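Biologist: I should be grateful for a close look at a single part, the helix packing, set against the rest of the chain. Please also indicate how far the coordinates may be relied upon.

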Amino acid sequence: MPTIGRLIEQVETDGKRLEIVWDDGIVLKTHLRLNGAWHLYRTGERWRKPNDQMRVAIEVPGWVAVCFNAATIETYREFDPVRHPGFGRLAADLSNATDAETAECVRRMFAYADEACPIAEVLLDQHVARGIGNVYRSEILWACELSPFAEVSSLSLDDCTQVINAATRLLRTNLDRVYLAAGPEALSGLAVYGRNGTRCARCSDTVQVRRVGQFERLLYFCPGCQIRHQPFVEPPLEPPMREMDPHPAATLFNAEMRRRRDSISG
Ligand SMILES: [Zn+2]
């Protein structure tokens, strides 16, 4: 199950199938078949189906999404060979790591075996540090003015310390805030994530987005000021995404929820 404070990054529907992806790669899949339904309620609002028919509930401040009577409910983690537990001992979770554990995360980043791996990918490797997720990796790199494409081996020990410290600071500050990437308020406090096409608060250049890595996770960055350790030749990337609203998941989620409230729960 996703832990408190994780962001919902993507919601996909296909008929009565719904797939919700959290930023740490956890996926919740429901299939409603004939009798299932997702309802969206304000916190404290009375549910229109008995509580014992609830199969899943997702709570954020002010709202709760409840899935009743789904025929199938599955949760799993997107398979990522880099994150696979078979690759050795997982690192500490930065949101509650001791100083010694944090220092170990710095060491693991500095000594990363795949030297050419871009720092943006290394930040999601659970063997370096846990707890970062896809949203905070964009934010951390912006905070450190680092190019997301910097090869990890180009970072000094001081750079690695700065990155891990920034990650720790961000994670701990936001531990008691729950985001749901489903509206403009979800983006408050975020510098680049979901802000493609808007001006960077630091240098006024335009924030960009790319799909990167095996799962094409969204990576947001400012090409104007995130230039530290920028590689001489950027690795080949998917072409920039087509014009879209700042956050595709938000648009889809809102549209689908509204439709569901009207058609299914009605
Ligand atoms: Zn900038």
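Modeller: Of the 266 residues in the protein, 38% count as buried. The model is a predicted one. Its secondary structure amounts to five helices and nine strands, which follow one another along the sequence as β-β-β-β-β-β-β-α-α-α-α-β-β-α. Among contacts between residues at least 6 apart in sequence, 65% join residues that are at least 24 apart.

The part requested is the pair formed by helix α3 (residues 133-143) and α4 (157-173). These two helices pack with their axes 9 Å apart and at an angle of about 125°. An angle of that value makes α3 oblique to α4, because it lies neither in the range of 65 to 115 degrees that counts as roughly perpendicular nor over 145, where roughly antiparallel begins. The crossing of the two helices is right-handed. On the α3 side, the residues that take part are Tyr136, Glu139, Ile140 and Ala143. They meet Val163, Ala166, Ala167, Leu170 and Leu171 of α4.

Asp158 also belongs to helix α4. Only 10 other C-beta atoms lie within 10 Å of Asp158, so this residue is exposed; the limit for that class is 12 or fewer. Asp158 and Val106 are 52 residues apart along the chain, yet their C-alpha atoms are separated by 9.0 Å. Val106 falls within helix α1, which spans residues 99-110.

The chain that follows α4 contains two residues with an unusual backbone setting to note. Ser204, in the loop between α4 and β8 (208-212), has a positive phi of about 70° although it is not a glycine. With 10 other C-beta atoms within 10 Å, Ser204 is exposed. His229, in the loop between β9 (217-221) and α5 (248-263), likewise is not a glycine and has a positive phi, of about 60°. His229 counts as partly exposed because it has 19 C-beta neighbours inside 10 Å, whereas 20 or more would be required for a buried residue.

Ahead of the helices in the sequence, three strands form an open sheet in the order β4-β6-β5, with antiparallel pairing. Its edge strands are β4 (37-42) and β5 (54-60), each of which pairs on one side only. From one strand to the next, the twist averages 20°. Strands of a sheet pair through backbone hydrogen bonds, in either a parallel or an antiparallel manner. Here β4 and β6 (residues 63-68) run antiparallel and are joined by six bridges. Arg42 stands opposite Trp63 of β6.

As to reliability, the mean pLDDT of the protein is 81, and 77% of its residues reach 70 or more. Among the elements, helix α1 has the highest mean pLDDT, at 96, and α5 has the lowest, at 55. Over residues 178-183 the pLDDT is below 50, although this stretch has 22 contacts in the model beyond near neighbours in sequence. Where pLDDT is low, the predicted coordinates should not be read in detail.

How values were computed
Residues numbered from 1 in each chain as written. Predicted model: local features only at pLDDT ≥ 70, side-chain atom pairs only at ≥ 80, totals over all residues. Helix = DSSP H or I, 4+ residues; strand = E, 2+ residues; numbered from the N terminus. Contact = placed C-beta atoms within 7 Å. Pairing = 2+ DSSP bridges. Axes fitted to C-alpha atoms, helices over the stretch in contact; angles between N-to-C directions. pLDDT = per-residue confidence, 0-100. Parallel < 35°, antiparallel > 145°, perpendicular 65-115°, else oblique. Left-handed = near helix turned anticlockwise from the far one by under 90°.
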